[in-house]
Amino acid sequence: MFRPQSGYSGFSVDDVAAATSFYRDVLGLETEIVVEGQMVRLRLPGGAAWVFVYAKPDHVPASYTVLNLVVDDLDAALDDLAGLGLEPQQYGGHADGRGVLRGRSVGMGPDIAWFTDPAGNVFSVQQP
């Protein structure tokens, strides 16, 4: 059965250095640079992160990843999800035959696969 070990929400910015400074120095959040100039993690206070999902009459699917679910074994998770009728989205030539961007093998982040929810929003399942 598919059981993520944790999850987190993500969003884009136009300047990672400025965003890091804002979240760290202005809002007081703990930050961790993952890839200099490209990625930063924000630790939300309270020990647990919550993502609020709400109905909106004029909903338009997000064109970016709105939720990331972390698993211990991505390939096993893909098998479980396939059993539930979910297949990864194919995003250009960057993914392998299973629809996975294998970032760990090239030092560029996690192995990650993207899916869409019933509303069309993008979410990922990834192995660090």
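Which residue just after α2 takes a positive phi? In this predicted model, that residue is G85, with a phi of about 90°.

**Helix α2**

Helix α2 covers residues 74–83, and its buried residues are L74, A77, L78 and L81. Viewed down the axis of α2, these buried residues fall within an arc of 100°, so they line one face of the helix. The spacing fits a general rule: an α-helix has 3.6 residues a turn, so residues three or four places apart point the same way. The cover over the buried residues of α2 includes strands β5 (100–102), β6 (111–116) and β7 (122–127).

The N-terminal end of α2 is capped by D73. A side-chain oxygen of D73 lies 3.1 Å from the backbone nitrogen of D75. At the other side of the sequence run, G85 with its positive phi comes just after α2.

**S124 in strand β7**

Strand β7, one of the elements covering the buried residues of α2, contains S124. Is S124 buried or exposed? It counts as buried because its relative accessibility is 0%, and the cut-off for buried is under 20%.

The side chain of S124 makes polar contacts with the side chains of N68 and Q126. The distances are listed below.

| Side chain | Partner side chain | Distance |
|---|---|---|
| S124 | N68 | 2.5 Å |
| S124 | Q126 | 3.2 Å |

With neighbours within four places in sequence left aside, S124 is in contact with T65, L67, N68 and L69, and also with I112, A113 and W114. N68 therefore appears both in this contact list and as a polar partner of S124 through its side chain.

Technical notes: Residues are numbered from 1 along each chain as its sequence is written. This is a predicted model: local features need pLDDT of at least 70, side-chain atom pairs count only at pLDDT 80 or more; totals for chains, interfaces and linings use all residues. Side-chain values use heavy atoms; hydrogens and water are left out. Buried means under 20% relative accessible area, exposed over 50%, partly exposed in between (1.4 Å probe, protein chains only). Helices (H or I, at least four residues) and strands (E, at least two) are DSSP runs, numbered from the N terminus. The arc is that of the directions from the helix axis to the C-beta atoms. Contact means heavy atoms within 4.5 Å. A polar contact is a pair of N or O atoms within 3.5 Å; within protein, one must be able to donate a hydrogen and the other to accept it, and residues adjacent in sequence count only if both atoms are side-chain atoms.
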